[in-house]
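Here are some friendly notes to read alongside the model. Please keep the structure open and find each residue as you go.

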Amino acid sequence: MNRKSPFSYVCNACGRCCHDKVITLSPYDVLRLARAAGITTREAIARYTIRRGSILKFTDGGACAALEGARCGVHRGRSLACRLYPLGIENGEDGDGDKFVTLDPAAGSLGVYGDDGAVNDFLDAQRVGSYLEANAGCASLMAVFRERIAATADFDRVEPREFWRRAVREALAESGYDANPLIDAIFDVGGIGCAASGDAETIAAHLERLAEMIRGESNAELLAAAAVMLAVSIGQGPAAAHTDAEI
Ligand code: SF4
């Protein structure tokens with residue numbers, strides 16, 4: 001489906017879709033969650049996420065950590081995936097997100113699918129523009145990562161495929177991972193002094209600070225794990241972190 005494809009969806013606020021999901025979060029998602037809850041990004045990471053801020057937390061009973069009864073407790077700051085539901089987005093390398101798929105309804109859902117409008121109308125109603133823009137900004141950091149990794153990794157000493165396999169394993173581990181200040185900085189936007197007043201200013205400052213940190217880092221393993229984490233968090237595959245020539 002593209003933006004002009006027929007689509008409509010009426011949410012009847014049953015809360016069923018807020019259970020048993022794996023929802024990947026971007027840095028902007030974490031910032032919006034924190035602002036909606038009136039807490040710092042560090043607190044939002046602890047309260048609402050797992051895997052260092054990159055995945056929304058669900059309780060043992062299967063409910064999202066932000067769900068209050070059948071109501072989203074952070075509705076104004078719900079993530080891009082939550083806003084898009086029941087659409088999924090397929091990002092191109094530039095993060096423009098122009099392809100969409102319809103997801104199956106949650107069991108027992110009261111949501112009503114239809115074709116009374118177009119995908120674009122639904123996206124406008126869900127106000128996803130700032131989320132897509134923020135993700136495109138993060139996508140621009142992938143080139144900074146690739147350049148720095150090329151300058152710091154010793155591919156004569158470490159086999160490139162193994163180097164990237166380790167980076168993916170490290171980025172996607174849910175526990176037992178190494179400390180990585182770059183990954184912390186990716187999600188803890190306020191923690192690196194970038195909580196300016198408006199969202200756009202905050203994200204611009206965050207991107208600038210991250211670029212500085214990437215250029216100042218000389219540990220290729222840390223850089224590669226952070227690059228994979230960022231790529232995945234904005235809906236790109238881990239392969240966006242490296243060039244084909246490297247593997
Ligand atoms: S953040 Fe809100 S909308 Fe998204 S899964 Fe959790 S409760 Fe549901």
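Which residue takes a positive phi just after H1?

1. **After helix H1.** The residue to look for is Gly38, which has a positive phi of about 70 degrees just after H1. Please keep in mind throughout that this is a predicted model.

2. **Helix H1 itself.** Step back from Gly38 into the helix. Of the 11 residues of H1, 8 are buried, so this helix is largely enclosed by the rest of the structure. You can pick the buried ones out by name: Pro27, Tyr28, Asp29, Val30, Leu31, Arg32, Leu33 and Ala34. Charged residues are included here, for Asp29 and Arg32 are both on the list of buried residues.

3. **Two domains.** Now zoom out. The domain assignment splits the protein into domain 1, residues 8-129, and domain 2, residues 130-242. The centres of the two domains, taken over C-alpha atoms, are 23 Å apart. Where they meet, domain 1 brings 33 residues to the contact and domain 2 brings 40.

4. **The area between them.** About 2,800 Å² is buried between domain 1 and domain 2, and carbon and sulfur atoms give 55% of that area. Try colouring Tyr28, Arg51 and Arg52: together they supply 31% of the area that domain 1 buries against domain 2, more than any other three residues. Tyr28 is also one of the buried residues of H1.

5. **Polar links across the boundary.** There are 19 residue pairs in polar contact between domain 1 and domain 2, and 4 salt bridges between these domains. On the domain 1 side, the elements giving two or more residues are helix H1 (27-37), helix H2 (41-48) and helix H3 (80-84). H1 has the largest share, with 7 residues. Sorted by class, this side of domain 1 holds 10 nonpolar, 11 polar and 12 charged residues.

6. **Thr41, a good place to pause.** Is Thr41 buried or exposed? With a relative accessibility of 5%, Thr41 is well under the 20% cut-off, so it counts as buried. Thr41 sits in helix H2. Leaving aside residues up to four places away in sequence, its contacts are Val30, Leu31, Ala34, Phe187, Asp188, Val189, Gly190 and Gly191. Three of these names should look familiar, since Val30, Leu31 and Ala34 are among the buried residues of H1.

7. **Asp188 and Arg42.** Asp188, one of the residues that Thr41 touches, also forms a salt bridge with Arg42. The closest N and O atoms of that pair are 2.9 Å apart. As background, side chains of opposite charge can pair when their charged atoms come close.

8. **Glu170 and Arg52.** What does this pair tie together? Their side chains meet in a salt bridge, at 3.3 Å from N to O. Glu170 lies in helix H6 (residues 160-172), while Arg52 lies in the loop between strand S2 (49-50) and strand S3 (55-56), so the salt bridge ties together parts that are 118 residues apart in sequence. Arg52 counts as buried, at 10% relative accessibility.

9. **A pair inside one helix.** Arg209 and Glu212 form a salt bridge whose closest N and O atoms are 3.0 Å apart. Both residues lie in helix H8, 3 residues apart, which is about one turn of the helix. An α-helix has 3.6 residues a turn, so residues three or four places apart point the same way. Both ends of the pair are partly exposed: Arg209 has 31% relative accessibility, and Glu212 has 47%. You can also find Val144 from here, as its C-alpha atom is 9.5 Å from that of Glu212, although the two residues are 68 apart along the chain.

10. **Glu68 and Arg71.** One more pair to look up is Glu68 with Arg71, a salt bridge with its closest N and O atoms 2.8 Å apart. Glu68 counts as partly exposed at 46% relative accessibility, whereas Arg71, at 51%, counts as exposed.

11. **A network to finish.** Arg32, Arg35 and Asp199 are linked in a network of salt bridges. Arg32 takes you back to H1, where it is one of the buried residues. The salt bridge count comes to 8.

Technical notes
Residues are numbered from 1 along each chain as its sequence is written. This is a predicted model: local features need pLDDT of at least 70, side-chain atom pairs count only at pLDDT 80 or more; totals for chains, interfaces and linings use all residues. Side-chain values use heavy atoms; hydrogens and water are left out. Domain bounds come from an automatic or database domain assignment. Contact means heavy atoms within 4.5 Å. Buried area is the accessible area (1.4 Å probe) that two parts lose on being put together, summed over both. A polar contact is a pair of N or O atoms within 3.5 Å; within protein, one must be able to donate a hydrogen and the other to accept it, and residues adjacent in sequence count only if both atoms are side-chain atoms. Helices (H or I, at least four residues) and strands (E, at least two) are DSSP runs, numbered from the N terminus. Buried means under 20% relative accessible area, exposed over 50%, partly exposed in between (1.4 Å probe, protein chains only).
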